[in-house]
Amino acid sequence: ARCIAVITSVTTPDNLQAVLAETLASLDGSTTPDDPVALKKVQLALLMSGDLGRIIDYSSMDGVAEKFSVIYMGYFESQSEELKNAAAFALGRAAVGAQSTFLPAILQALESNNQKKQYLLLSALRAFIQCSYQQSGG
């Protein structure tokens, strides 16, 4: 996922937009596939989108950060633990690149959600802190 994100981040703007559009389309609806192969594809798309958001500020793109925020939070309702954890990790990583969009959403959701979602939101904050620390040279 990290390799795909890095390659996507240095490609042409047209290719970047195409990858973002395809990723948003594949994740839209926050559905959990029954097929194990399709489940892994969704998991990869979640992880890649989080890593890409770490590198590229989604909030600078019209509506992209908000769409990903809704998608990540939507996967917290998945029946798949792998997708829930991937969504939490992606949310935290994407928050590094667009702190003004994702961090308030995480904190607001922490105040109003049940314990299961709070665990996932705290996992997202953990991923954010770890990634921020690594990017600062720590």
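Biologist: Which residues form one aromatic cluster in this structure?

Modeller: In this predicted model, one aromatic cluster is formed by Tyr 58, Phe 68, Tyr 72 and Phe 102.

Biologist: How many aromatic pairs does the structure hold, and what makes the pair of Tyr 58 and Phe 68 a stacked one?

Modeller: The structure holds three aromatic pairs. For Tyr 58 and Phe 68, the ring centres are 4.7 Å apart and the planes differ by 20 degrees. Pairing requires centres within 6.5 Å, and stacking requires planes under 30 degrees apart; the two rings therefore form a pair, and the pair is stacked.

Biologist: Why can this pair be said to tie together parts that are apart in sequence?

Modeller: Tyr 58 belongs to the loop between α3 (36-55) and α4 (64-74), whereas Phe 68 belongs to helix α4, so the pair links parts that are 10 residues apart in sequence.

Biologist: Why is the pair of Phe 68 and Tyr 72 called stacked?

Modeller: The ring centres of Phe 68 and Tyr 72 lie 5.6 Å apart and their planes meet at 20 degrees. With the limits at 6.5 Å and 30 degrees, the pair therefore counts as stacked.

Biologist: Why are Phe 68 and Tyr 72 separated by about one helical turn, and are these two residues buried or exposed?

Modeller: Phe 68 and Tyr 72 are separated by about one turn because they are four residues apart in helix α4. Both residues are buried, and Tyr 58 is buried as well.

Biologist: Turning to helix packing, why are α1 and α3 called oblique to each other?

Modeller: Helix α1 (residues 2-9) packs against α3 at an angle of about 45 degrees, with the axes 8 Å apart. Roughly parallel would need an angle under 35 degrees, and roughly perpendicular one of 65 to 115; α1 and α3 are therefore oblique. Their crossing is right-handed.

Biologist: Which residues make the contact of α1 with α3?

Modeller: From α1 come Arg 2, Ile 4, Ala 5, Val 6, Thr 8 and Ser 9, and from α3 come Leu 44, Met 48, Asp 51, Leu 52 and Ile 55. By class, seven are nonpolar, two polar and two charged.

Biologist: At what angle do the axes of α4 and α6 cross, and which residues make the contact?

Modeller: The axes of α4 and helix α6 (residues 99-112) cross at roughly 35 degrees and come within 10 Å. The contact involves Ala 65, Glu 66, Phe 68, Ser 69, Tyr 72 and Met 73 of α4, together with Thr 101, Phe 102, Ala 105, Ile 106 and Ala 109 of α6. Eight residues of this contact are nonpolar, two polar and one charged.

Conventions
Residues numbered from 1 in each chain as written. Predicted model: local features only at pLDDT ≥ 70, side-chain atom pairs only at ≥ 80, totals over all residues. Heavy atoms only, no water. Phe/Tyr/Trp six-rings, centres within 6.5 Å; stacked < 30°, edge-to-face > 60°. Helix = DSSP H or I, 4+ residues; strand = E, 2+ residues; numbered from the N terminus. Buried < 20%, exposed > 50% of the residue type's maximum accessible area, 1.4 Å probe, protein only. Axes fitted to C-alpha atoms, helices over the stretch in contact; angles between N-to-C directions. Parallel < 35°, antiparallel > 145°, perpendicular 65-115°, else oblique. Left-handed = near helix turned anticlockwise from the far one by under 90°. Contact = heavy atoms within 4.5 Å. Nonpolar A, V, L, I, M, F, W, Y, C, P; charged D, E, K, R; others polar.
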